Amino acid sequence: MPVVADVSFEGQSGTPYRFEVYPITARFRDVGAVYLFTRRETEAGSYVHTPLRVGQTERLGERIRDHEEWPALKEAGCNCSCVLSVASEVRRVEIETDLRRAGPMPSDGS
């Protein structure tokens, strides 16, 4: 499935992380990645992403497909998966932690 757009989210450290945006129906290969589930809305003629959950995994396709929070995410208006491919588990955890500490964005605990 093609990338819809790119979007940056800033961590508590001030570091911007650039994610590829996909529709929520996208299927992924099992690669290491940090991911955000977002609600994408139009605001003043441009798109704004409200982060709903952040997580990291070594098997993106499996993790997103089988995510236990789908009912709650859909109820919250989740319509996008934002993905940043990162092979290193140590680096994925660092990025996830930095993003979570930046604001009120729950981790999915993975």
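**A five-strand sheet crossed by a helix**

In this predicted model, helix α3 (residues 89-101) lies across β1, β2, β3 (33-43), β4 and β5 (80-85), and runs at about 130° to β4. Contact here means heavy atoms within 4.5 Å, while axes are lines fitted to C-alpha atoms, for helices over the stretch in contact, with angles from 0 to 180 degrees between N-to-C directions. Helices (H or I, at least four residues) and strands (E, at least two) are DSSP runs numbered from the N terminus. Residues are numbered from 1 along each chain as its sequence is written, and side-chain values use heavy atoms, leaving out hydrogens and water. Because the model is predicted, local features need pLDDT of at least 70 and side-chain atom pairs count only at pLDDT 80 or more, whereas totals for chains, interfaces and linings use all residues.

The five strands form an open, antiparallel sheet in the order β1-β2-β5-β3-β4, where pairing requires at least two DSSP bridges between two strands. Its edges are β1 (5-10) and β4 (46-57), each of which pairs on one side only. Six bridges join β1 to the antiparallel β2 (residues 16-23), and V7 stands opposite F19 in β2.

The largest nonpolar core, a set of buried (under 20% relative accessible area, 1.4 Å probe, protein chains only) Ala, Val, Leu, Ile, Met, Phe, Trp, Tyr and Cys residues joined through side-chain atoms within 4.5 Å, has 14 residues, and F9, F19, V34, C82, L84, I95 and L99 have the most contacts inside it. The elements giving two or more residues to this core are β1, β2, β3, β5 and α3. Among the residues that F9 touches, not counting those up to four places away in sequence, are F19, L36, C82 and L99.

Definitions and conventions:
Buried means under 20% relative accessible area, exposed over 50%, partly exposed in between (1.4 Å probe, protein chains only).
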